Amino acid sequence: MLWVKSLHIVFVISWFAGLFYLPRIFVNLAMVPAQSLAERDRLLLMARKLLRFTTMLAVPALLLGLWLWLGFGIGRGPGNGWLHAKLVLVLLVIGYHHVCARLLRQFEANRNTRSHVWFRWFNEIPVLLLLVIVVLVVVKPF
Ligand code: HEM
């Protein structure tokens, strides 16, 4: 079980590294002058590769979590509100990942209308989600 939990934590950390950096690229893309096509293409290539890599890391992170829950039975049964709250927040993380993919498609189609300031605030969301999820799973407050 401890091997599975260790791998779960490693893939979760790697997944979040991508979720932290991808919006950073969006901040830069939103600031690229319209005539700087080479810079725009370079940033788009970075974002595409990073999104693909981040998605490949999310799958084992989630599967290992499900293994801990459904396989080893951790968090099952009454008195495990922490896991239910955690799963709701994990759905929000998956939703955030999905929104990043849509925002990238908008940049690729040159249809982005949001400012770099908007993306800086957008970039803070995974920080808050990670903070609350880790407190829920380590402290288990309810
Ligand atoms: C399908 C999604 C997920 C499920 C079902 C799940 C389930 C679990 C379970 C059952 C444990 C073991 C808890 C224990 O031994 O006390 C665990 C550990 C952990 N999970 Fe997840 N998890 C999921 C996604 C995530 C995500 C997205 C994060 C981070 C944002 C995360 C962070 C952690 C951490 C840090 C631990 C180690 C806690 C400890 O050792 O005390 N998990 N997870």
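User: What makes the lining of the largest pocket divide into nonpolar, polar and charged residues the way it does?

Analyst: In this predicted model, the lining has 24 nonpolar residues, two polar and three charged. The sorting goes by residue type: Val and Leu, for example, count as nonpolar, while Lys counts as charged.

User: Which residues are closest to the centre of that pocket, and how much space lies in it?

Analyst: About 710 Å³ of space lies in the largest pocket. Of its 29 lining residues, His8, Val12, Leu68, Lys86 and Val137 are closest to the centre. Two or more lining residues come from each of H1, H2, H3 and H5, and H3 gives the largest share, eight residues.

User: Which protein atoms are donors of the iron atom of the ligand, and how do you know that they count?

Analyst: They are NE2 of His8 and NZ of Lys86, 1.8 to 2.1 Å from the iron atom. A donor here must be an N, O or S atom within 2.8 Å, so both nitrogens qualify. Along the chain, histidine 8 in helix H1 and lysine 86 in helix H3 are 78 residues apart.

User: Why is the arrangement around the iron atom called octahedral?

Analyst: Six donor atoms surround the iron atom, with angles of 82 to 179 degrees, and this makes the arrangement octahedral. For comparison, ideal angles for six octahedral donors are 90 or 180 degrees.

User: Why is histidine 8 called buried, and what about lysine 86?

Analyst: Buried means under 20% relative accessible area. Histidine 8 has 12%, so histidine 8 is buried. Lysine 86 also has 12%, so lysine 86 is buried as well.

Technical notes. Residues are numbered from 1 along each chain as its sequence is written. This is a predicted model: local features need pLDDT of at least 70, side-chain atom pairs count only at pLDDT 80 or more; totals for chains, interfaces and linings use all residues. Side-chain values use heavy atoms; hydrogens and water are left out. Donors are N, O and S atoms within 2.8 Å of the metal (3.2 Å for Na, K and Ca); water is not among the atoms, so sites may look incomplete. Four donors count as tetrahedral if all angles lie between 85 and 135 degrees; four count as square planar and six as octahedral if opposite donors are over 155 degrees apart and all others between 65 and 115; anything else is irregular. Helices (H or I, at least four residues) and strands (E, at least two) are DSSP runs, numbered from the N terminus. Buried means under 20% relative accessible area, exposed over 50%, partly exposed in between (1.4 Å probe, protein chains only). On a 1 Å grid over the protein atoms alone, a cavity is a set of points where a 1.4 Å probe fits but cannot get out, and a pocket is an open set with protein on both sides within 12 Å along at least five of seven lines; lining residues have an atom within 4 Å of a point. Grid points are joined across faces, edges and corners, and a volume is the space filled by probe spheres set on the points.
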